[in-house]
Amino acid sequence: MSARSNQLTMAQDRYVELKRILEERRREILSEVQEKMRDVRAVGASGEGQGVLDAAETSEADIQDDIELALIQMKSETLHKIEEALARLDEQTYGYCFECGDEISERRLRALPFAVRCKDCEEAREIAQQRERQLSQRRSAGFLLDLN
């Protein structure tokens, strides 16, 4: 087997493995979202016959509903990211950093299969976002001081 055909075989094996990981994760999340939605519907349907709730019980129930909804939303967003990663995999752009174009490490992709940045670029982006938040908070604080 030539070096070139060996590289092609390795690339195909990697493609198959990454696709399997993404599809497995997609199935897991879809199942979780569907289960949560069934639970929400079941509680909603059975909750109507519980009688009158006091303000604290109502508040607690509302908070629980908000948490459930937020979890469903987070899982839906993750599902969307996985769908995008599968599309990139088919386009043969999967596994390359959006910022620098370098290959994202296989270890990172196994941990976060829908990663779009290499570790270094993601860290730089997070630091920039943190700085932007701090500047925004300072501007807000300065604005409030100017009002006095």
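This is a short talk on the predicted model shown above, going from the overall fold to the core, the salt bridges and a few single residues.

Let's start with confidence. The model is predicted. Its mean pLDDT is 82, and 80% of the residues reach at least 70. Confidence is not even along the chain. Helix α1, residues 3–47, is lowest, with a mean of 79. Helix α3, residues 106–111, is highest, at 88. Keep that in mind for α1.

Now the fold. What does the secondary structure come to? Four helices and zero strands. Reading from the N terminus, the order is α-α-α-α. Helix α2 covers residues 55–91, and α4 covers 119–147.

Next, how the chain packs. The protein has 148 residues, and 18% of them are buried. About 11300 Å² is exposed, with 52% of that supplied by carbon and sulfur atoms. Now take the contacts with a separation of 6 or more. Of these, 60% are between residues 24 or more positions apart.

On to the core. A general point first: in soluble globular proteins, nonpolar side chains tend to be buried together. Here the largest nonpolar core holds 18 residues. Which residues have the most contacts inside it? They are L22, I82, Y94 and L109. Two elements, α1 and α2, give two or more residues to this core. The biggest share is from α2, with six residues.

Take L22 as the example. Set aside its neighbours within four places in sequence. L22 then touches I82, A85, L86, L89, Y94, P113 and F114. Two of the partners, I82 and Y94, are also on the list of residues with the most contacts inside the core.

F114 comes up again in a backbone distance. Its C-alpha atom is 7.8 Å from that of E84, with the two positions 30 residues apart along the chain. E84 sits in helix α2. It is partly exposed, because its relative accessibility is 37%.

There is also nonpolar surface. I63, I67, L71 and M74 make a patch of about 350 Å². I63 belongs to helix α2. Is I63 buried, exposed or in between? Partly exposed, because its relative accessibility is 48%.

Now the charges. Side chains of opposite charge can pair when their charged atoms come close. In this model the count is 15 salt bridges. I'll go through three.

The first is E106 with R14. The N to O distance is 3.8 Å. E106 is in helix α3 and R14 in helix α1, so this pair ties together parts that are 92 residues apart in sequence. Both ends are partly exposed: E106 at 34% relative accessible area, R14 at 21%. The cut-off for buried is under 20%, so R14 falls outside that class.

The second is R117 with E99. Here N to O is 3.2 Å. The pair links distant parts of the chain, 18 residues apart. R117 is in the loop between α3 and α4, and E99 is in the loop between α2 and α3. Which end is buried, and which is exposed? R117 is buried, because its relative accessible area is 15%. E99 counts as exposed, because its relative accessibility is 52%.

The third is E123 with K119. The closest N and O atoms are 3.4 Å apart. Both residues lie in helix α4, four residues apart, about one turn of the helix. E123 is partly exposed at 37%. K119 is exposed at 51%.

Some of the bridges share partners. That joins R14, E17, R20, E24, E103, E106 and R110 into one network. Both ends of the first pair, R14 and E106, are in it.

Last, one backbone detail. Q92 has a positive phi of about 65 degrees, and it is not a glycine. Where does Q92 sit? In the loop between α2 and α3. Its side is open: Q92 counts as exposed, because its relative accessibility is 69%.

To wrap up. We have a predicted model with four helices and zero strands. Its largest nonpolar core has 18 residues, with α2 giving the most. And there are 15 salt bridges, including the one from E106 in α3 to R14 in α1.

Definitions and conventions:
Residues numbered from 1 in each chain as written. Heavy atoms only, no water. pLDDT = per-residue confidence, 0-100. Patch = residues over 30% accessible without salt bridge, like charges linked within 9 Å, V, L, I, M, F, W, Y side chains within 5 Å. Areas by Shrake-Rupley, 256 points an atom, 1.4 Å probe, with all protein chains shown as cover. Salt bridge = Lys/Arg side-chain N within 4 Å of Asp/Glu carboxyl O. Buried < 20%, exposed > 50% of the residue type's maximum accessible area, 1.4 Å probe, protein only. Core = buried A, V, L, I, M, F, W, Y, C linked by side-chain atoms within 4.5 Å. Contact = heavy atoms within 4.5 Å.
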